[in-house]
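Let's take a walk through this protein together, starting from a single side chain and working outwards. Keep the structure open beside you as you read.

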Amino acid sequence: MSKYWKPGSERPTPVLVDDEEGGVLFVSTSSSSSSSQLERLRQRLPVYKYRDAILYLVENHATTIIVGETGSGKTTQIPQYLKEAGWAEGGRVIACTQPRRLAVQSVASRVAEEMGVTLGEEVGYAIRFEDQTKPGLTMVKFLTDGVLIREMMDDPLLTKYSVIMVDEAHERSLSTDILLGLLKKIQRRRPDLRLIISSATIEAKSMASFFHTRKKNIRNDTIDPVPNQEPGILSVEGKGYTVEIHYVEEPVSDYLQATVETVLSIHDNEGPGDVLVFLTGQDDIEAAVKMLTDEYNHPRGRSSDLLVLPLYSGLPRSDQDLIFAPTPRGKRKVVISTNIAETSLTLEGVVYVVDSGFSKQKFYNPISDIESLVTAPISKASARQRAGRAGRLRPGKCFRLYTEEYYLKDMPSEGIPEMQRSNLVSCIIQMKALGIDNILGFDWLSSPSAEAMVRALEVLYSLGILDGDAKLTSPLGFQVAELPLEPMVSKMLLSSCEMGCSEEVVTIAAVLSVQSIWVSMRGVQKEFDEAKLRFAVAEGDHVTYLNVYKGFLKSGKSSQWCYRNFINYQAMKKVIDIREQLVRFLKRLGLTLKSCEGDLKMLRKAIISGFFAHACQLEEYSPNGMYKMLRSSQEVYIHPSSVLFRVNPKCVVYHSLVLTDKQYMRNVIAVDPAWLIEAAPHFYQIRKPNPALF
Ligand code: CDP
Ligand code: MG
């Protein structure tokens, strides 16, 4: 190995070496796999041995907790076992939730393939803005936990489901936590409902005590017997191989560079086997792919046998398929992923893992009321999961881009549940819409902080979504809860209907719902900036998006046009689709579309009506474009991807923040500060914007 590495002594995964079965996982799992091959693969999964035990527990216990290593077959097999055992008979549906959309799509398509059915029929999935199910026909449904919470608004007891499997519970995403609390309530009214809580690592005991309800608290309106209320616990023994851990000797300053060098070094020095790299987000993943691909195109041709692929949410379906396709003979696949490959997805063939030690995480500070996406160190639990991905096929190696000392002394042992590091605005609206008034008194797995709650209530009151008694206002509060958008985007959209610019704002809302419509490529920054200038307007990004949308329609939705203009064609197709859905939502609410015919002032006022809390003003004489948030005086900067980068208008409103070396605002528009007070007098009455600006 290169100078970087010194082997560590840790053996993180349970060691159960079984050479005989080592090769079998090379069997193609592509769509060409025959059904008998797939059936054999299914039977080889560790969870298969527990099939009867699982079915017994589910039959007899209200809640079953299943812990098993990633790749043991929990997600793809358990819903099938349930179906085979009759849990989907009589029009009932088996649900399996996932925190991540990409995982929902991927496992649903795998299960449809294994069952030999068309995806969207017997096996379907639902994610925000995409429902691939057929009511009456779908028996097994994969969906995000957020979508399931939303379904409760129409059907509070989730009556169509016989079993709900809350998967990846160890992730403790905001929606998973809300869902678990709500399901516990539903269980008391529905003794026939069965829950499965499954995950890779979980404190099974504390989860079990959370779900242990006394029988006398169960309301049984049916003739079904009340099942055992003490949760059943089952642990699936995996067959992980030894993973040799290597640490860097010195801390690395540039983890992207270190990643690239490490992958090349593995390629040069190690035996066959694919490489899985954990980076943080689309930006650094694309950068690493580019750096490795450049190396590959280098005259030395050093790595022409590397197949480098990115993996992050928002990746087009066609690219996702490449990730799961078997590695072509003579090639080494390198998948550069976010932490989605940590436990949600299993890639076959991985023998080497490179762990940057970071992931993108949401952080919220209730004092400043700032939520941003931060590249932050992972926990030991995550590091162990990442390393374990190298030991599925045969003994593997994990290269950690941090020192052993750091791992032992400084790395936190567990992550903090998202509930305790999130802005609670959406959470409160959803719970209020479900009739839960006392949110602090709700049965939480881990309670959110009172400060965060107070902040969120204050913002919701200012937005006119909650009234003085903290109840949803009518119609606005209820309409916001209906729309499948971030609350501030919903408010912006609903205001635009009143202001007569909904035709434009519905497009903006659709664009803000996709990750980015630009394709940024390192190395062609100049061409990219020029392309952006073709659409850019002084008002800012939101109005620029309208130009892109118009151009896209005018081009006849051409992929060539997108390519020439550095625009992500897939993202634009999604924008069109989401826009159509939003228009349908508005119609259902009795609202109609109206164009402001180029009145950009009105348009910006509509944006402000949702986003006034995100207003910032430029520090006078600031040489580097520093802004301060009007409410909290936090320092922020315009993100380089914004068309207002370096333009620096005096007063701006942003959509979201991302923290890298500084706190950056993404999606920014220039506004007149007077509009802020007009939109939210009570929010700005204490600390007014700088009078010098008026
Ligand atoms: O949920 P868990 O991590 O326990 O395992 P799983 O996702 O059910 O995966 C079981 C097996 O199915 C693994 O061997 C995966 O590689 C395979 N699988 C696949 O080939 N394609 C998918 N889209 C999902 C799973
Ligand atoms: Mg799984």
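Which backbone oxygen does the side chain of Arg400 reach? In this predicted model, the side chain of Arg400 comes to 3.3 Å from the backbone oxygen of Ala383. Arg400 belongs to strand β17, which spans residues 396–400. With a relative accessible area of 0%, Arg400 is buried.

From here, let's turn to the nonpolar interior. The largest nonpolar core has 115 residues, and those that touch the most other members are Ile164, Ile178, Leu424, Met492, Ile517, Phe612 and Leu676. Helix α22 (residues 569–588) is the biggest contributor to this core, giving nine residues. Domain 1 (16–236) and domain 3 (483–679) each supply at least three residues to this core. To get a feel for one of these members, click on Phe612: leaving aside residues up to four places away in sequence, Phe612 touches Ser462, Leu463, Leu676, Ala680, Phe683 and Tyr684. There is also a second, separate core of 53 residues, with Tyr255, Ala258, Ile323 and Leu347 among them.

Helices are a good next stop. In helix α18 (residues 502–512), 10 of the 11 residues are buried, so the helix is mostly covered. Those buried residues include Glu504 and Thr507 alongside Val505, Val506 and Ile508. They pack against the helices α17 (487–499), α20 (541–554), α22 and α23 (600–611), and also against the strands β21 (651–659) and β22 (663–670).

Helix α1 (residues 35–44) has a shorter list to remember: its buried residues are Leu38, Leu41 and Arg42. Viewed down the axis of α1, these buried residues fall within an arc of 100 degrees, so they line one face of the helix. The spacing makes sense, because an α-helix has 3.6 residues a turn and residues three or four places apart point the same way. Among the elements that cover the buried residues of α1 are α3 (74–84) and α4 (101–115).

Finally, a word on cysteines. A search of the whole structure turns up zero disulfides. Cys497 is in no disulfide, and its nearest cysteine sulfur, in Cys501, lies 8.5 Å away. Cys497 counts as buried because its relative accessibility is 16%, under the 20% cut-off. For Cys616, the closest cysteine sulfur is that of Cys651, and the 7.9 Å between them is too far for a bond, given that a disulfide needs the sulfur atoms within 2.5 Å. Cys616 is also counted as buried, at 0% relative accessibility.

Key:
Residues are numbered from 1 along each chain as its sequence is written. Chains are lettered from A and ligands numbered from 1 in the order in which they are written. This is a predicted model: local features need pLDDT of at least 70, side-chain atom pairs count only at pLDDT 80 or more; totals for chains, interfaces and linings use all residues. Side-chain values use heavy atoms; hydrogens and water are left out. Helices (H or I, at least four residues) and strands (E, at least two) are DSSP runs, numbered from the N terminus. Buried means under 20% relative accessible area, exposed over 50%, partly exposed in between (1.4 Å probe, protein chains only). A polar contact is a pair of N or O atoms within 3.5 Å; within protein, one must be able to donate a hydrogen and the other to accept it, and residues adjacent in sequence count only if both atoms are side-chain atoms. A nonpolar core is a set of buried Ala, Val, Leu, Ile, Met, Phe, Trp, Tyr and Cys residues joined through side-chain atoms within 4.5 Å. Domain bounds come from an automatic or database domain assignment. Contact means heavy atoms within 4.5 Å. The arc is that of the directions from the helix axis to the C-beta atoms.
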